Amino acid sequence: MMKFAVSSKGNPVSDTLKSRIQTYLLDFGLECDEEEPDIVISVGGDGTLLYAFHKYSSRLDKTAFVGVHTGHLGFYADWVPDEIEKLVIAIAKTPFQIVEYPVLEVIVRYNDGAKEARYLALNECTIKSIEGTLVTDVEIKGELFETFRGDGLCLSTPSGSTAYNKALGGAIIHPSIRAIQLAEMASINNRVFRTVGSPLILPEHHTCVIKPLNDVHFQVAVDHLTLLHKDVKSIQCRVANENVRFARFRPFPFWKRVQDSFIGKGE
Ligand code: NAP
């Protein structure tokens, strides 16, 4: 029997919708299982789906996601509340189609021999210094590429390219392309300090390693989660072996979502 979980943004409208979805799915004979769901219905916005992704990130090969938005159209949350009866019927009539998007693997290693920390990001990882300018070497595929000085670096997934990355002037990448993007945050460029200045798109087999030059304490954000990492030796980023799986019940092409979100219908 198919098992589901519903996660809510936590505001009244999302909580009400969550209860309705739960009732409908139970009526269809599905089982509610918060621990090991086959499908997670996220109700709220893209931010809500980010939380759901992290809650179930250890079972990405077994759990599929679908998002309903109770605010504005999202990239992950692309169903509207009026459509939930349709959505619930489609979920109950399994099997459903799955699309897989790449995610970012981040490994933080430390100087003091502490155990490395591994994260998966659905949108991006951002690296900033705790105080002052971030100064790091950037290695690509084992070779020094540049020494970066500036506010920070953002390494994003294709589906995250429409989030923070876009605000940094990064390109929007179609999620069928297995790549990660490195975008700069306000690099210092003058006669002494030089970086490439353009966002870089790295293929699956190219690993990017960030190595601190002076300060070793960093503020590392993985999607919505920001942590302080002390005594950092390196931060390694690459396309993860895992993928995120979305349940698809109708066509809603990525470029259509980009158009709807950023351009609109016009006058
Ligand atoms: P938040 O600051 O409350 O919301 C950030 C906004 O980003 C929300 O409007 C969210 O949509 C939207 N968003 C999330 N993922 C997206 C995606 N893949 N494509 C387009 N828009 C997306 O923070 P949060 O809800 O915890 O989300 C964390 C995310 O905020 C981070 O992963 C980062 O991408 C983003 N962020 C962006 C900036 C920036 O653009 N300057 C700065 C910091 C963080 P919903 O309203 O649908 O939830």
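1. In this predicted model, a backbone N or O atom of Gly47 sits 2.8 Å from an oxygen atom of the ligand. For Asp46, a backbone N or O atom is likewise placed 2.8 Å from a ligand oxygen atom. Both of these contacts involve backbone atoms on the protein side.

2. Glu124 reaches the ligand through its side chain: an N or O atom there is 2.5 Å from an oxygen atom of the ligand. In the chain, Glu124 belongs to strand E8, which covers residues 124-129.

3. On its own, the ligand would expose 840 Å², and 62% of that area is buried by the protein. Two or more residues of the surrounding shell come from each of helix H2 (46-55) and helix H4 (164-167). H2 makes the largest contribution, with three residues.

4. The shell around the ligand consists of 16 residues. Asp46, Gly47, His72, Glu124 and Thr162 are the closest. Sorted by class, the shell holds seven polar, six nonpolar and three charged residues.

5. The UniProt record, an unreviewed entry, carries a "binding site" annotation on Asp46, Gly47, Asn123, Glu124, Arg149, Asp151 and Ala186. These positions span 141 residues of sequence and are spread in space too, with C-alpha atoms up to 31.1 Å apart. Asp46, Gly47 and Glu124 are among the annotated residues, and these three are also listed with the closest residues to the ligand.

6. How many cavities of 30 Å³ or more does a search of the whole structure find? The search returns one. The space in the largest cavity amounts to about 60 Å³.

7. The lining of the largest cavity includes the aromatic residues Phe65, Phe75, Tyr76, Trp79, Tyr101 and Phe246. Val66, Gly67, Asp78, Ala247, Arg248 and Arg257 also line the cavity. By class, the lining has eight nonpolar residues, three charged and one polar.

8. Which strands each supply at least two residues of the lining of the largest cavity? They are E4 (64-69), E5 (77-79) and E16 (232-248). For the shell around the ligand, the elements giving two or more residues are the helices H2 and H4.

Terms used
Residues numbered from 1 in each chain as written. Predicted model: local features only at pLDDT ≥ 70, side-chain atom pairs only at ≥ 80, totals over all residues. Heavy atoms only, no water. Near = heavy atom within 4 Å. Polar contact = N/O pair within 3.5 Å; in protein donor to acceptor, adjacent residues only side chain to side chain. Areas by Shrake-Rupley, 256 points an atom, 1.4 Å probe, with all protein chains shown as cover. Helix = DSSP H or I, 4+ residues; strand = E, 2+ residues; numbered from the N terminus. Nonpolar A, V, L, I, M, F, W, Y, C, P; charged D, E, K, R; others polar. 1 Å grid on protein atoms, 1.4 Å probe; cavity = no way out; pocket = protein on both sides within 12 Å on 5 of 7 lines; lining within 4 Å. Points joined across faces, edges and corners; volume = space filled by probe spheres on them. UniProt positions renumbered as here; feature names shortened; annotations may be inferred.
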